[in-house]
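Thanks for coming, everyone. I have one structure to walk through today. Let me put it on the screen.

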Amino acid sequence: MARSSSVHEGPPRSSVSDNDDDFPASVSEAAYAEGQINERSRLLGPNGQRRPLLSPDDEAVSPMNMFLVRALRTVSFILLLITSIWALLLFVNIFVAIPGLSARASGYTAFIFAVFSVTNLVINLLFFTTPSKGDRLVSLTISVFLLACAVFILVVPRLRLEEGWVGIATVFWAALIGAWTVVTDRVVEWGKQEEEERLTGRVETRRTLGEWFKVSFTLTSLLVLFGLVFLTAMGLVLRAHDATLAPPGQRYYVDNRKYQVHLNCYGDAKPDQPTVLIEAGETSAYYLNTWVEEAQSAGDVGRVCYWDRPGFGWSDSAPSPLSAGMAVDVLSQVLTSAREDGPFVIVAHGVGGLYSRIFASRHVPDIKGLLLVDTLHEDLLSRIASSRHGFMAFLRGLWSPLSIDRLFGWIFRGRSREDRIYGRSAWRDGKVQKALLQENLAAKTLTHNEIIAARAILPANVPISVVTSGRHIKRDKAWESKQRDLADLSEQGTWDIANTAGHIVWRDDEGRDILKKRLAALVSGPIGNSTN
């Protein structure tokens, strides 16, 4: 292929070819047979005779002629194999916990750093024999940023606890891989220059169009990789900033101290008055607590407890799989650790209704009633168990370490720590997406069996009050019939429809009033017959 830039003439071939220092005049057959020919003479003929200088475009002019370059390439392939296996293990660990690899974070951050390592090695190996100073500069910058990420995780206590040894080791490994690609590229460049001088008589300073394409492609790929690393680093900074928001209440170790969940209890219960236990739906229970506080201020409620299921709010992620029944066992452990013995009136919202009913079935003597706020029925579990639902949760989780949307909201919209932990931006967090993925994977099997058992076990004399979004049932007739069925689970069941309320029923004045009325009735004593 013709050179893409002006030709720089090297020394006359006759003068170079007569240089006996570069090309010995002869090598004996005995020396050749005994393997005394080194890298600088290995392309000589079998009788040690000189060959003519080669064209720079000849395939024989390659740094791969040198043993050191070939060895580095082999080591890079081995590193790629090791890193790919590690990335695969981290991937599997998101779906099914591997003993020793579980972390209190979502696992997506460690996985994405492993992917960075694999990508860096693939880019390096793809055009291994076409080195570039620009590529090395970007690779070095990537390595420095990765090292900074590793140090940052180590020095921020909350990040260090969440990522654990798995995340820390993965980030350090990614930084080492970045440094390795810089070293190999420089060695290849040296080998390329050595071979060009030996075989063509000069060091080539020009590139073919094919070489320019390879260099441009590699540089572009590395710049994209650097952008992703930079965003991930900023995501870690944002996580560290959010960690400064102390949780109300306490975090308690569960599951043999593998992780912590958040529980907050406040207020004093009057004699023979049950504690209100809040079970949230699709996010932290903190947002559901607002209208309960109003009922407490009015004197209708005494003591209140709310918790964040694993992955939500201030709670850590739990190892996979995690069914509703497993989460309920965690709640039981937390309440025991906090010495909250009940009795309880449970307030549940959305999918939290499944968790609350399973909990009630396992603690029947301690349950004085349930308030189900637009909650999911077991016959509609397919809505959270669909393949599309799980795939989207996984994709959003995979995207979460980059924190693009959260960084945008923080910088340009002034979104606060509170908003990202328990507000409307909380669903973008990787822990929440992992929790939704766990919920999806267990819905059709473990959770379904657990809620069917709970339905059979929970006595009909346990009061149940159902409050439904009027806007929801207008667009979903199946939801309407299943809400009626939930109220019919109890001999003392009630069903109220907040006509103008959405799924977040308490944001509507009518819905808020109905909720406070029904909660006060459950706390004060038995309620009347079912009404429509």
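Let me start with a question: how many of the five residues of strand 3 are buried? Five of the five. Strand 3 covers residues 275–279, and it is largely enclosed by the rest of the structure because these residues are buried. Buried here means under 20% relative accessible area. Before I go on, please keep in mind that this is a predicted model.

Now look at the side chains of strand 3. Thr275, Leu277 and Glu279 point one way. Val276 and Ile278 point the other way. Both groups are buried.

Next, the neighbours. Which strand is joined to strand 3 by five bridges? That is strand 5, residues 344–349, and the two run parallel. To find this pairing on the screen, go to Ile278 in strand 3. Opposite Ile278 stands Val347, in strand 5.

Strand 3 also pairs with strand 4, residues 304–308. That pairing is parallel too, over three bridges. Here, Leu277 has Cys305 of strand 4 as its bridge partner.

How does the chain get from strand 3 to strand 4? Look for helix 8, residues 289–297. Together, strand 3, helix 8 and strand 4 make a β-α-β unit, and the unit is right-handed.

Let's step back to the whole sheet. In general, strands of a sheet pair through backbone hydrogen bonds, parallel or antiparallel. In this model, eight strands form an open sheet with mixed pairing. Read across, the order is 1-2-4-3-5-6-7-8. At the edges stand strand 1, at 250–254, and strand 8, at 494–498. Each has a single partner strand, so one side of each has no neighbour in the sheet. From one strand to the next, the twist averages 20°.

Stay with strand 8 for a moment. Strand 8 pairs with strand 7, residues 464–469, in the parallel sense over five bridges. One pair of bridge partners there is Ser465 and Thr494, with Thr494 in strand 8.

Last stop: the surface. Which residues make the nonpolar patch of about 500 Å²? They are Val237, Phe408, Trp410, Ile411 and Phe412. Helix 13, residues 404–412, gives the largest share, with four residues. Trp410 is in helix 13. Is Trp410 buried, exposed or partly exposed? Its relative accessible area is 30%, so Trp410 counts as partly exposed.

To recap: strand 3 is largely enclosed, strands 1 and 8 stand at the sheet edges, and a nonpolar patch lies on the surface.

Notes: Residues are numbered from 1 along each chain as its sequence is written. This is a predicted model: local features need pLDDT of at least 70, side-chain atom pairs count only at pLDDT 80 or more; totals for chains, interfaces and linings use all residues. Side-chain values use heavy atoms; hydrogens and water are left out. Patches are made of residues with over 30% relative accessible area and no salt bridge: like charges are joined within 9 Å, nonpolar side chains (Val, Leu, Ile, Met, Phe, Trp, Tyr) within 5 Å. Accessible areas come from the Shrake-Rupley method with a 1.4 Å probe; for residues, only the protein chains shown count as cover. A salt bridge is a side-chain nitrogen of Lys or Arg within 4 Å of a carboxyl oxygen of Asp or Glu. Buried means under 20% relative accessible area, exposed over 50%, partly exposed in between (1.4 Å probe, protein chains only). Two strands pair if DSSP finds at least two bridges between them. A crossover is right-handed if, with the strands pointing away from the viewer, the path from the first strand over the helix to the second runs clockwise. Axes are lines fitted to C-alpha atoms, for helices over the stretch in contact, and angles run from 0 to 180 degrees between N-to-C directions.
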